[in-house]
Amino acid sequence: MAESVRRFFSIQWRILPPIIIALVLYIPIVSGSFFKPFNVSYDHRALIIAGKRRMLVSAGIHYPRATPEMWSDLIEKSKEGGADVIQTYVFWNGHEPVKGQYNFEGRYDLVKFVKLIGSSGLYLHLRIGPYVCAEWNFGGFPVWLRDIPGVEFRTDNEPFKNEMQKFVTKIVDLMREAKLFCWQGGPIIMLQIENEYGDVEKSYGQKGKDYVKWAASMALGLGAGVPWVMCKQTDAPENIIDACNGYYCDGFKPNSQTKPVLWTEDWDGWYTKWGGSLPHRPAEDLAFAVARFYQRGGSFQNYYMYFGGTNFGRTSGGPFYITSYDYDAPLDEYGLRSEPKWGHLKDLHAAIKLCEPALVAADAPQYRKLGSNQEAHIYHGHGETGGKVCAAFLANIDEHKSAHVKFNGQSYTLAPWSVSILPDCRHVAFNTAKVGAQTSVKTVESARPRLGLLEHLNVTKDRSDYLWHKTRINVTEDDISFWKKNGANPTVSIDSMRDVLRVFVNKQLSGSVVGHWVKAVQPVSFVQGNNDLLLLTQTVGLQNYGAFLEKDGAGFRGKAKLTGFKNGDMDLSKSSWTYQVGLKGEAEKIYTVEHNEKAEWSTLETDVSPSMFMWYKTYFDTPDGTDPVVLDLESMGKGQAWVNGHHIGRYWNIISQKDGCEKACDYRGAYNSDKCTTNCGQPTQTRYHVPRSWLKPSSNLLVIFEETGGNPFKISVKTVTAGILCGQVSESHYPPLRKWSTPDYMNGTMSIGSVAPEVHLHCEDGHVISSIEFASYGTPRGSCHRFSIGKCHASNSISIVSEACKGRNSCFIEVSNTAFRSDPCSGILKTLAVMARCSSTQNTSDLGF
Ligand code: GAL
């Protein structure tokens, strides 16, 4: 049993030569000045940028999880969403795939990414690590690092420290040469060394402590001229800021009173495992966590992730992390706004910005208890021009009940688990539990071992997921009659294995075992005489978290034996094995446009039954328009896919657990990644992103390597868009945040308290509102997709909304009697509910395998 190629096919065994990785060396060095050069320092309250304390919102985007063609749009959407800073890790194994050979091209063109950030006017927090965790293969370590004699990762170990220093220096030098630090006019305002080392430090004893000191002084010694952070590092040395990571970081205290309160990772969702359900963090809870952070003295908060993106190729970490890294982030895997999260956070950021003059003026907030579970933090002082400034945050941390509180002589109703933000200490600009932002519904359009057996990673060097181990087993007549008599089969028994093991006897699959360091027991049947026993071990993302990663390895651990023979067990480590790394098709690069004709493809008939270990290829046209393109691979089993030679990632049609998804998601109360999950009982991932920049208008080559057998005729190309928008805002909602910056408000001719709230609808770029499916100003019932008219309804609702919105990319509709020209039911609190459709390009095409 081995791979075959088909458009096309014949099943045959092949011995496959190891793969050779080709590397391109290119380090672009171009200077660029984006800002008037400025310095960054800090005090206990905040980062000080060009002499001013700042309250900063940061958006996590990992450049290799998108294509360079997507970067500008992601950065622009982060800026539009209210971010001041972009944050990224640096991915060592992407930049130095072979020791001493660097790659700064394509998705790894770090200089280009940083320049795009600079030219958008945003800052950058660059987390060099170089251990990054990040659900990234091997936590970002190049696998060759394991082969350095005597190496031990992340501890006081000379070989490791040498390599780490070399790489960190390389990155800092690269940034300096391209003039990308803020003091050179570039966007970089802060760096990071290591990553959450505090979690594993104890495992390394004194050497761990020494390593922290070394890493800090090594980093500082590079003269980068901006502050360095260590996250989750309570013993971070004096000149390094220790920062918080988590779902909530209000109340976090750095290890010195001279350091500001920074939140480097606000987990706004979570990652997904093959076979897992999909995590969702409600926008209300996320906004609550962020507001609480700034309320209680925080000054820098980064969304991990603002855009999660895709683990293209074999970059996903493990065990068993899926190809999508959507993360339930405000920008989805394809870069589309995920609503209402994106819009709700945009409003939150606008509210925080309005408070910034007061937040930076005060050294510490004034605290006022408002009730048993309610509290206020007030920031006041003098603004830049000397005038008085005041901002307040009123929190209700009760998980169930609303609270009515008095503050500065005014009454406020605070929803459960919410924070109200008062940029003038009087009017509510924002409440974390009241979502005024639109909801969007995404529509998908069919477009058409130390055993004698070698250790897996030592052999593959992670150039492929696959390692074949082959041996010959001689079976006697006595063995056969022994098994017949006892009605038993012999078994392959392996003490411990990861992630997938497939056992073949005489080219037939006997069975597969899936798990992470689990015992494997696989019954096999032999014939008399010589039998070929083939064990295929597979990795599905290398471990990216924990101590002693260099020892983790892959393949087998412990004893491997054949049990149930007449003369007892057979120790497989004593057998003579031959090995093969990877697939022949991988070695010959038959997934590329240049080399795919090397294989002898045959035409696939529609009635053939699914085959294992098969290569398939076809060509497809690109759907019109600009909507993100995905391949629907639900009809396939497990494997990998390439489009025009680009590795779009692993796929696996594995069903997530049936239970655990709640019917209704309650935003109230502390979030954890098991709360509010969706997709139970469904395949974990069926759609795989194919970035448009990898496509040409027609005849795109799709090559698939399928391990378990699937139906390629059912693969389809689709596009994703936000097809439906809904908005629901009541008369009592707070005024639109943008009104706080209008001249009328600024010069005192307008009272913010008298401004009516609005529904804001916004289609994706290149789309317009094509129809209003529902609109009711009155007392509409239900939620998006299920709205209905209530007792009170303004009969002109549809026409007023249509007039304001139809044919436009975005529109604002005031929620007031004035806008609807009369009061449909006086004395009753009215709401405007709207459901609109955005027009999108629709294309369907089934693939012509
Ligand atoms: C953190 C880590 C990140 C990422 C995150 C989970 O502990 O620093 O790199 O792995 O967890 O998404």
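## A guided tour, from the lectin-type domain to the ligand

Start by selecting residues 757-839: over this stretch the chain is 11% helix and 34% strand, and the C-alpha atoms at its two ends are 26 Å apart. An unreviewed UniProt entry annotates residues 757-839 as "domain: SUEL-type lectin". Keep in mind as you go that this is a predicted model.

**Next stop: the ligand.** Select the ligand and show what is around it. There are 14 surrounding residues, and the closest are Tyr89, Ala134, Glu135, Glu196 and Tyr327. Colour this shell by class and you should find 10 nonpolar residues, one polar residue and three charged ones.

Which atoms approach the oxygen atoms of the ligand? Try these three distances:

- Tyr327: a polar atom of its side chain lies 2.5 Å from a ligand oxygen.
- Glu265: an N or O atom in the side chain is 2.8 Å from an oxygen atom of the ligand.
- Val132: here a backbone N or O atom is involved, 3.0 Å from a ligand oxygen.

Now switch on a surface for the protein. On its own the ligand has 310 Å² of accessible area, and the protein covers 95% of it.

**Stay with Glu196.** This residue, among the closest to the ligand, sits in the loop between β8 (188-193) and α5 (205-220). Check its backbone torsions: phi is positive, at about 50°, although Glu196 is not a glycine.

**On to two cis peptides.** Select strand β12, residues 300-307, which contains Met305. The peptide bond joining Tyr304 and Met305 is cis, with omega about 5°. Then follow the chain into the loop between β12 and α7, where you will find Pro340. The bond from Glu339 to Pro340 is cis too, and its omega is near 10°.

**Last stop: helix α7.** Select residues 341-361 and put a distance label between the end C-alpha atoms. How far apart should they be? At 1.5 Å a residue, the 21 residues of α7 should span 30 Å, and the end C-alpha atoms are indeed 30 Å apart, so the two values agree. Before you leave, zoom in on Cys355, where α7 has a kink of about 50°. The proline Pro357 follows shortly after that kink.

Note on methods:
Residues are numbered from 1 along each chain as its sequence is written. This is a predicted model: local features need pLDDT of at least 70, side-chain atom pairs count only at pLDDT 80 or more; totals for chains, interfaces and linings use all residues. Side-chain values use heavy atoms; hydrogens and water are left out. A residue is near a molecule or strand if one of its heavy atoms lies within 4 Å of it. A polar contact is a pair of N or O atoms within 3.5 Å; within protein, one must be able to donate a hydrogen and the other to accept it, and residues adjacent in sequence count only if both atoms are side-chain atoms. Accessible areas come from the Shrake-Rupley method with a 1.4 Å probe; for residues, only the protein chains shown count as cover. Ala, Val, Leu, Ile, Met, Phe, Trp, Tyr, Cys and Pro count as nonpolar, Asp, Glu, Lys and Arg as charged, and the others, Gly among them, as polar. UniProt positions are given in the numbering used here, feature names are shortened, and annotations may be inferred rather than shown by experiment. Helices (H or I, at least four residues) and strands (E, at least two) are DSSP runs, numbered from the N terminus. The expected span of a helix is 1.5 Å times one less than its number of residues. The bend at a residue is the angle between axes fitted to the seven residues ending there and the seven starting there.
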